[in-house]
Amino acid sequence: MTTFWAETALLPTGWAQGVRIDIDADGRIANVQHDAPAAGTRTALLVPAPVNVHSHAFQRAMAGLTERRGPTASDSFWTWRQLMFRFLDRLTPDHVEAIAALVQMEMLEAGYATNAEFHYLHHQPGGAPYDDIAEMSARIAAAAGQTGIGLCLLPVHYQFGGCDGRALTAGQIRFGNDLERFQTLHDRAIAALSPLPVDTTHGVAPHSLRAVGRDDLSAYSRHFPSGPIHMHLAEQRPEVDEVQAHWGARPVDWALDHMDLNPRWCLIHCTQMQPRETERLARTGAVAGLCPITESSLGDGIFDAVRWMAANGAIAVGSDSNIRIALSEELRTLDYSQRLRDGTRAALASPDQSTGRRLFEGILTGGAQATGRRTGRLEVGYWADMLALDTSSDPLWGRSGDTALDAWIFAGDDRLVRDVWSAGRHMVRDGEHIARARIVAAYRRTIDALKDAL
């Protein structure tokens with residue numbers, strides 16, 4: 001057993017003092033006791049460490065490269081996407097592993113214990129599979145082996161260039177598989193996880209309504225009968241128009257009417273929903289996977305979190321494009337978007353919980369559901385995914401309980417994250433990943449090799 005002791009910790013029953021937590025050799029919580037004498041590794045403020053529910057790791061290497069307008073008067077998600085396609089055509093498996101390791105390291109340093117990787121860069125430039133069709137998935141797994149993060153690998157099915165079934169463009173060809181080849185890739189990708197610890201999970205991800213055919217989407221729960229299923233849904237207005245033009249319904253309505261949406265599903269973004277769609281989708285039990293920093297960067301729109309949470313909808317957050325990996329900022333941006341839209345304050349607080357507490361507990365529960373990972377609670381039988389905050393910092397000085405969470409999210413930043421454990425693995429110590437120097441050196445070599453990619 002490894003023993004931890006916290007002056008204050010957030011337990012399923014609420015805040016508790018003098019909390020002792022014993023961790024078994026696999027990284028599971030074996031014992032939790034409050035009002036206990038100090039013992040073992042000591043910290044001041046301990047909370048569960050959440051899941052980063054949505055990431056495209058390779059896009060981290062593009063951060064800062066797409067902030068100029070193109071030759072036209074307007075810029076949008078769609079012009080950004082063309083630049084992204086150009087960039088990814090340069091990436092090798094070695095590049096992807098180095099970038100993914102940096103991304104996972106930054107996630108841990110931000111306070112996440114788990115990376116749900118929505119992985120769609122499968123093939124060689126030109127679209128031919130690697131000798132091992134799951135080569136790129138194996139590199140994501142290898143990165144997790146370096147960083148110690150908990151991994152939920154989500155191989156992505158991407159077949160068409162649009163709702164009309166058109167062929168993939170040059171920029172998309174590295175993603176493409178029909179259902180039969182994708183099932184082979186999926187099985188090989190899962191096999192590539194075998195060297196990783198036992199807390200590793202996996203699922204599957206039909207990319208979007210645009211990228212997978214109607215018949216396959218309608219039967220997806222039968223094609224893949226176990227594990228989480230993630231999918232982009234209703235992110236951009238042109239996407240809504242395309243689905244409506246070709247399939248006769250708005251994306252959320254079509255998905256609700258033709259797909260078996262249930263708690264296995266995590267629907268990413270959902271920034272283009274009407275009120276009735278929001279309420280109806282929340283009732284399915286599916287998780288809304290929100291990426292407020294990326295959604296702001298790409299001009300996606302504002303998720304209706306007030307209505308969603310009022311309908312008891314489940315939420316999780318992710319870093320998506322990884323333009324900035326910042327857990328506290330994702331939550332702050334989510335809440336501030338609601339305030340700006342509605343002209344209110346503390347938009348997502350409830351009568352009995354502060355904004356920070358309600359959001360944080362929401363993403364703990366939703367992230368666990370969306371990854372099939374027993375996480376999000378400092379409770380016996382759960383993985384020891386834990387986060388210690390720096391109570392000696394100015395923002396947290398004199399703060400406690402819910403107010404400490406609020407101060408971290410709204411007055412501080414991720415520099416307040418001091419230590420992070422993923423399934424008991426102590427990967428961040430005094431604010432820095434234990435393998436930072438090596439991981440950063442490999443990433444910088446990769447950036448040097450890609451400096452003329454855009």
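Which residue takes a positive phi just after H2? Gly-111 does, with a phi of about 115°. This is a predicted model, in which local features need pLDDT of at least 70 and side-chain atom pairs count only at pLDDT 80 or more, while totals for chains, interfaces and linings use all residues. Residues are numbered from 1 along each chain as its sequence is written, and side-chain values use heavy atoms, with hydrogens and water left out.

**Helix H2 and the cores**

- Helices (H or I, at least four residues) and strands (E, at least two) are DSSP runs numbered from the N terminus, and H2 has 18 residues that reach 26 Å from first C-alpha to last, close to the 26 Å expected at 1.5 Å a residue, where the expected span is 1.5 Å times one less than the number of residues.
- Because 17 of its 18 residues are buried, H2 is largely enclosed by the rest of the structure; buried means under 20% relative accessible area (1.4 Å probe, protein chains only).
- The largest nonpolar core (buried Ala, Val, Leu, Ile, Met, Phe, Trp, Tyr and Cys residues joined through side-chain atoms within 4.5 Å) holds 118 residues, of which Leu-233, Phe-360 and Trp-408 touch the most other members.
- Helix H2 (residues 93-110) supplies the largest share of this core, 10 residues.

**The sheet**

- Eight strands form an open sheet with mixed pairing, in the order S3-S2-S1-S4-S14-S15-S16-S17; two strands pair if DSSP finds at least two bridges between them.
- Strand S15 (residues 417-422) pairs with strand S16 (residues 425-429) in the antiparallel sense over three bridges, and Val-420 stands opposite Val-428 in S16.

Definitions and conventions. Buried means under 20% relative accessible area, exposed over 50%, partly exposed in between (1.4 Å probe, protein chains only).
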